[in-house]
Amino acid sequence: MRRLFWYLVSVLLLAFPIQAKQVIRGQVRDAVSGEGLALATVQVEGTYRGTIANEDGKFVLELAELPVVVRFTCIGYQSAQVAIEELSAKELDVRLTPAPLVMEET
């Protein structure tokens, strides 16, 4: 019975290999003041995978594979894209430039 159990476990592990998830961490900041941007959006281009930065602009995002292009957006700022070829030990520091929206007078 034990042999059958271990046989089935090994067959399942071979049939469904475990993918190593890769994680990027970082912070989205205002390019002028250096303050963290709360609720900035972090999204992998071409997918629905993404996250939202916390109140300090910090984020953690799991990636299924590399390389990827990650888009950073926040209301009132120009978006930015970062190509990630490989993971490094350091965190990403993304700075977004303010882009004020001027509305016409009515």
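**Salt bridges and strand partners**

Biologist: Let's start with Arg 95: what is its relative accessible area?

Modeller: Happy to begin there, with the reminder that this is a predicted model. Partly exposed covers the range between under 20%, which is buried, and over 50%, which is exposed. Arg 95 falls in that range and counts as partly exposed, because its relative accessible area is 40%.

Biologist: Which residue forms a salt bridge with Arg 95?

Modeller: The closest N and O atoms of this salt bridge are 3.3 Å apart. The cut-off for a salt bridge is 4 Å. The partner of Arg 95 is Asp 93.

Biologist: And which residues are linked with Asp 93 in a network of salt bridges?

Modeller: Asp 93 also meets the side chain of Arg 29 in a salt bridge, at 2.9 Å from N to O. That pair links distant parts of the chain, with Arg 29 in strand S1 (residues 22-30) and Asp 93 in strand S7 (residues 92-96), 64 residues apart. Linked with Asp 93 in the network are Arg 29 and Arg 95.

Biologist: Are Arg 29 and Asp 93 buried, partly exposed or exposed?

Modeller: Arg 29 has a relative accessible area of 23%. For Asp 93 the value is 43%. Buried would need under 20% and exposed over 50%, so the label that fits is the one in between. Both Arg 29 and Asp 93 are partly exposed.

Biologist: How many salt bridges does the structure hold?

Modeller: Besides the Arg 29 and Asp 93 pair and the Arg 95 and Asp 93 pair, the side chains of Glu 45 and Arg 71 meet at 2.9 Å, N to O. Glu 45 lies in the loop between strand S2 (41-44) and strand S3 (50-52) and Arg 71 in strand S5 (residues 68-73), so this pair ties together parts that are 26 residues apart in sequence. Glu 45 is partly exposed at 34% relative accessibility, and Arg 71 is partly exposed at 28%. The count of salt bridges in the structure is 3.

Biologist: Now to strand S1: which strand pairs with S1 in the antiparallel sense?

Modeller: S1 takes part in two pairings worth telling apart by direction. With S7, S1 runs parallel over 5 bridges, and Val 28 stands opposite Val 94 in S7. The antiparallel pairing has 6 bridges, and there Gln 22 has Leu 63 as its bridge partner. The antiparallel partner of S1 is strand S4.

Biologist: Which residue offers the backbone oxygen that the side chain of Gln 27 reaches?

Modeller: Gln 27 is found in strand S1. It counts as buried because its relative accessibility is 12%. Leaving aside neighbours within four places in sequence, its contacts include Gly 36, Phe 59 and Leu 92. The backbone oxygen, reached at 2.5 Å, belongs to Asp 56.

Biologist: Stepping back, how much of the protein chain do buried residues make up?

Modeller: The chain has 1 helix and 7 strands, in the order α-β-β-β-β-β-β-β along the sequence. It exposes about 8400 Å², with carbon and sulfur atoms supplying 56% of that area. Among contacts between residues at least 6 apart in sequence, 48% join residues at least 24 apart. Of the 106 residues, the buried share is 21%.

Notes: Residues numbered from 1 in each chain as written. Predicted model: local features only at pLDDT ≥ 70, side-chain atom pairs only at ≥ 80, totals over all residues. Heavy atoms only, no water. Helix = DSSP H or I, 4+ residues; strand = E, 2+ residues; numbered from the N terminus. Buried < 20%, exposed > 50% of the residue type's maximum accessible area, 1.4 Å probe, protein only. Contact = heavy atoms within 4.5 Å. Areas by Shrake-Rupley, 256 points an atom, 1.4 Å probe, with all protein chains shown as cover. Polar contact = N/O pair within 3.5 Å; in protein donor to acceptor, adjacent residues only side chain to side chain. Pairing = 2+ DSSP bridges.
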